[in-house]
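Biologist: Please take one part of the model shown below and examine it closely, then set it within the rest of the chain. Kindly give the cut-off behind each term as it arises.

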Amino acid sequence: MVLDSFLIQQLNNKFKNQPLSIDGLIFANINDFSPQDFFPGEINGGGIKECYVLTPRRRLYGIMPRPNRRARNGYWKLLKCINDNILGPDGAVGMKQKLFFFEGEQNHGRKTHWCMIEYKLRQHCCSIDCDHNIGKLDDWVLCKVYEEYDPEMLSFQMETMDIG
């Protein structure tokens, strides 16, 4: 998809210390926030909330590749292995994963309607000679945080509130 390629290009720009061009991009450590913290009462056009967050990736055990997905009042969880490669001219240049937000303690939380698509680099795209050892490709991830409503749950809520 065009959007996926654009987001991976922005991550590549971050890796090369070049400017990023995403309107309203939030620079924050996603572990310090709950998803709703990014939306102080603002709702986009169709009643859908979404934003992009550039965040450093914390690892759960220091140098181990497993990321820490704790948040302020819950955690992000990968429910299904939804890993999609993002292709460039020379193969897979990035990857995206879909995660769901759970409020509460790890493995005992309540699933919410908040989702996140996490984008990370797999391959650095540069046209100049550079030191590829200056940082790991997934030291930074770009996250699309948004609300996703289940139509059945929404109609159930409307019935219980006597709407519709």
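Modeller: A71 has G74, in strand β4, as its bridge partner. This is a predicted model, in which local features need pLDDT of at least 70 and side-chain atom pairs count only at pLDDT 80 or more, while totals for chains, interfaces and linings use all residues. Residues are numbered from 1 along each chain as its sequence is written, and side-chain values use heavy atoms, with hydrogens and water left out.

The pair A71 and G74 belongs to the antiparallel pairing of β3 (residues 70–71) with β4 (residues 74–77), which rests on two bridges; strands count as paired if DSSP finds at least two bridges between them. Between β3 and β4 the chain turns through a hairpin of two residues. Strand β4 is also joined to β6 (residues 91–103), again antiparallel, by four bridges. G74 takes part here too, standing opposite E103 of β6. G74 thus faces A71 as well as E103.

Just before this hairpin comes R69, in the loop between β2 and β3. R69 counts as buried, because its relative accessibility is 19%; buried means under 20% relative accessible area, exposed over 50% and partly exposed in between, with a 1.4 Å probe and protein chains only. The side chain of R69 makes a polar contact of 3.0 Å with the side chain of Q97. Such a contact is a pair of N or O atoms within 3.5 Å; within protein, one must be able to donate a hydrogen and the other to accept it, and residues adjacent in sequence count only if both atoms are side-chain atoms. With neighbours within four places in sequence left aside, R69 is in contact (heavy atoms within 4.5 Å) with N31, R57, Y75, W76, Q97, L99 and E118.

The wider chain may now be described. It contains two helices and eight strands, in the order α-β-β-β-β-β-β-β-β-α from the N terminus. These elements are DSSP runs numbered from the N terminus: helices are H or I, at least four residues, and strands are E, at least two. Of the 164 residues, 38% are buried. Among contacts between residues at least 6 apart in sequence, 66% join residues at least 24 apart. The chain exposes about 10100 Å², of which carbon and sulfur atoms supply 53%; the areas come from the Shrake-Rupley method with a 1.4 Å probe, and for residues only the protein chains shown count as cover.

Strand β8 (residues 140–147) is largely enclosed by the rest of the structure, because seven of its eight residues are buried. On one pairing, β2 (residues 50–56) and β8 run antiparallel over seven bridges, with Y52 and K144 as bridge partners. In another, β7 and β8 are antiparallel over six bridges, and W114 stands opposite E147.

The largest nonpolar core has 19 residues, and those with the most contacts inside it are L7, I8, L11, I22, L25, Y119 and L142. Elements α1, β2, β6, β7 and β8 each supply at least two residues of this core. Apart from it lies another core, of 15 residues, which includes A71 of the hairpin described above, together with I30, L99 and F101 among others. A nonpolar core is a set of buried Ala, Val, Leu, Ile, Met, Phe, Trp, Tyr and Cys residues joined through side-chain atoms within 4.5 Å. In soluble globular proteins, nonpolar side chains tend to be buried together.

L7, in helix α1, is buried because its relative accessibility is 1%. Not counting residues up to four places away in sequence, L7 touches I22, Y52, Y119 and L142. The C-alpha atoms of L7 and V141, 134 residues apart along the chain, are separated by 10.0 Å. On the same exclusion of neighbours within four places, I8 is in contact with I86, V93, G94, M95, Y119, K120 and L121.

Two loop residues deserve a final remark. N17, in the loop between α1 (2–15) and β1 (26–27), has a positive phi of about 55 degrees although it is not a glycine. N107, in the loop between β6 and β7 (110–121), likewise is not a glycine and has a positive phi, of about 65 degrees. Most residues other than glycine have a negative phi. N17 is exposed, with a relative accessible area of 69%, and N107 is exposed at 56%.
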